[in-house]
Amino acid sequence: MARTTKQDQVRELQRTLYRAAKADPARRFHALYDKLSRKDVLERAWELVRANKGAAGIDEQSIADIERYGVSRLLDELAADLRDGSYRALPARRVFIPKPGREGEQRPLSIPAVRDRVVQAAMKIVVEPIFEADFLACSFGFRPKRSQHDALQVLIDESRRGRRWVLESDIANCFEAIPHSGLMSAIEERVSDRNLLKLLRAMLRAGVMADGAVQREDTGTPQGGVVSPVLCNVYLHRLDRQWAERGTGVLVRYADDLVVCCNTKREAEAALSALRSILAELGLELKAAKTRIVHLEDGGEGLDFLGFHHRRVRGERGNKHLRFLARWPSREAMQRARDRIREITDPKRLRDPVEVIVQELNRFLRGWANYFRYGNSRLHFTRITTYALRRLALFVAKRHKRKSGYGMTVVAFVSSNRMGLVSLDRLVVTPSPFRDWRVKRAKPNAGGEGRR
């Protein structure tokens with residue numbers, strides 16, 4: 001879609017705020033609140049909320065309901081409420097979702113009302129560029145033009161440099177544990193606009209609705225809010241700054257997931273001690289069950305980070321003299337993929353046309369492959385493709401009330417293109433040290449892995 005003039009105006013606003021913050025690290029911004037009620041900012045905020053979809057909040061108003069009500073009408077009402085100070089955020093609806101790969105564990109998710117998500121998105125549009133100017137290179141999560149693969153590349157680079165003692169951990173209940181007082185103090189380092197600060201405090205105090213009662217705490221940026229990832233990064237920027245002064249090793253942080261790459265075991269142990277001390281000062285702590293020190297050595301154990309399993313391995317075939325840090329989809333990632341494929345091809349959906357099932361399978365497989373293709377994932381791609389093929393064949397067989405062999409015959413042999421099921425062959429790109437993973441690769445080699 002072509003960028004409109006109003007979108008350009010919002011982008012220019014963000015650039016202006018970023019440049020001003022970058023030029024003067026000590027500047028505190030005092031005229032921001034009026035930007036929230038700008039028509040172009042609210043329209044851009046609505047676009048972000050609509051694209052992200054999501055369920056209704058406690059007011060039971062979905063995105064479709066808002067569109068029937070009138071988007072312009074809603075945005076005009078929000079702008080008027082923000083200008084006269086009558087806007088009030090509703091409590092978020094609290095739900096619990098299973099943690100992937102962890103049976104019995106659940107993650108709290110807070111779902112604000114759609115109207116509140118729009119205001120949060122407007123807040124994000126305005127304040128994010130200011131703090132983005134301050135964030136350090138070790139932070140990768142929920143930041144513009146930074147991704148999981150940027151963080152993963154650091155592990156490849158540091159392993160080549162010899163930092164193969166790795167501390168892995170994550171921050172326990174990070175989104176729920178951030179103290180409001182500390183967060184507001186971090187915000188006030190850069191923002192002095194009283195009206196904006198008042199609105200942000202009101203958002204934090206809005207609380208959540210659980211079991212018919214409103215719960216208000218003095219900690220937490222509820223996971224699920226549009227602005228929560230930015231607020232989390234703002235607070236954890238204090239960790240990054242302290243680490244630059246007191247930490248040892250190379251910190252790689254993606255929101256609340258982190259690793260520290262070190263040269264020796266002693267350095268890794270010192271890093272763990274420093275990390276615990278810094279987090280304690282921030283009112284946070286590491287998750288004990290996920291905290292450990294791993295030595296990435298030939299034939300040794302590996303670690304899981306950002307969906308990948310990382311392990312130091314020996315080269316294959318004529319390259320057995322090579323040693324390098326490889327990565328491929330973790331067991332949890334593979335199991336989640338199989339679970340999703342099984343869900344799409346569930347016998348309960350036998351009334352759906354096969355074409356619809358294949359479209360959903362392809363949509364999932366492409367998205368999954370687009371993330372995991374940057375790694376040493378060829379064998380894992382083959383396993384997932386084979387599993388999807390077998391599940392599709394079983395679905396076809398059950399639809400015709402025949403044995404599974406019939407379905408495989410139809411899908412793999414009678415059909416010239418496996419009934420349209422996408423292939424993941426020749427997609428994998430092997431990562432290389434000190435190379436931007438975005439750089440275009442050469443054609444895949446005989447093993448199906450492209451090289452830079």
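**Exercise 1. The surroundings of Arg349**

Task: In this predicted model, determine which side chain is joined to that of Arg349 by a polar contact, and at what distance.

Solution.
Step 1. The side chains of Arg349 and Glu360 are joined by a polar contact of 2.6 Å.
Step 2. To place Arg349 in the fold, consult the secondary structure: Arg349 belongs to the loop between helix 13 (331-344) and helix 14 (354-372).
Step 3. Set aside the neighbours of Arg349 within four places in sequence; the residues in contact with Arg349 are then Glu343, Ile344, Val356, Ile357, Glu360 and Phe395. Glu360 thus appears in this list of contacts and also as the partner in the polar contact.

**Exercise 2. The four-stranded sheet**

Task: State the strand order of the open sheet of four strands, and explain why one side of strand 2 and of strand 5 is left without a neighbour in the sheet.

Solution.
Step 1. The order of the strands is 2-1-4-5, and the pairing is mixed.
Step 2. Strand 2 (106-111) and strand 5 (213-215) are at the edges and have a single partner strand each, so one side of each lacks a neighbour in the sheet.
Step 3. From one strand to the next, the twist averages 45°.
Step 4. Consider now the pairing of strand 5 with strand 4 (residues 208-210): the two run in the antiparallel sense and share three bridges. Within this pairing, Met209 has Val214 of strand 5 as its bridge partner.

**Exercise 3. The three-stranded sheet and helix 7**

Task: Identify the edge strands of the open sheet with the order 9-10-11, and state which helix lies across strand 9, strand 10 and strand 11.

Solution.
Step 1. The pairing in this sheet of three strands is antiparallel.
Step 2. Strand 9 (303-305) and strand 11 (323-329) are the edge strands, each pairing on one side only.
Step 3. The average twist from one strand to the next is 35°.
Step 4. Three bridges connect strand 9 with strand 10 (residues 308-314) in the antiparallel sense. Leu303 is found opposite His310 of strand 10.
Step 5. Helix 7 (residues 148-161) lies across strand 9, strand 10 and strand 11, and runs at about 155° to strand 11.

**Exercise 4. The enclosed cavities**

Task: Establish how many cavities of 30 Å³ or more the model contains, and describe the lining of the largest cavity by residue class and that of the second largest likewise.

Solution.
Step 1. The count is two cavities of 30 Å³ or more.
Step 2. The largest cavity holds about 230 Å³ of space. It is lined by 20 residues, of which Pro112, Gln120, Met203, Leu204 and Pro222 are the closest to its centre.
Step 3. Helix 6 (114-132), helix 10 (194-205) and helix 11 (228-246) are the elements that each give two or more residues to this lining. Helix 10 contributes the most, with three residues.
Step 4. By class, the lining of the largest cavity comprises 12 nonpolar residues, seven polar and one charged.
Step 5. The second largest cavity holds about 30 Å³. Its lining is formed by Met123, Val127, Phe131, Ile187, Val191, Leu196, Leu200 and Leu231.
Step 6. Helix 6 and helix 10 each give two or more residues to the lining of the second largest cavity, and helix 6 provides the largest share, three residues.
Step 7. The class count for the second largest cavity is eight nonpolar, no polar and no charged residues, whereas the lining of the largest cavity includes seven polar residues and one charged.

Terms used: Residues are numbered from 1 along each chain as its sequence is written. This is a predicted model: local features need pLDDT of at least 70, side-chain atom pairs count only at pLDDT 80 or more; totals for chains, interfaces and linings use all residues. Side-chain values use heavy atoms; hydrogens and water are left out. On a 1 Å grid over the protein atoms alone, a cavity is a set of points where a 1.4 Å probe fits but cannot get out, and a pocket is an open set with protein on both sides within 12 Å along at least five of seven lines; lining residues have an atom within 4 Å of a point. Grid points are joined across faces, edges and corners, and a volume is the space filled by probe spheres set on the points. Ala, Val, Leu, Ile, Met, Phe, Trp, Tyr, Cys and Pro count as nonpolar, Asp, Glu, Lys and Arg as charged, and the others, Gly among them, as polar. A polar contact is a pair of N or O atoms within 3.5 Å; within protein, one must be able to donate a hydrogen and the other to accept it, and residues adjacent in sequence count only if both atoms are side-chain atoms. Contact means heavy atoms within 4.5 Å. Two strands pair if DSSP finds at least two bridges between them. Axes are lines fitted to C-alpha atoms, for helices over the stretch in contact, and angles run from 0 to 180 degrees between N-to-C directions.
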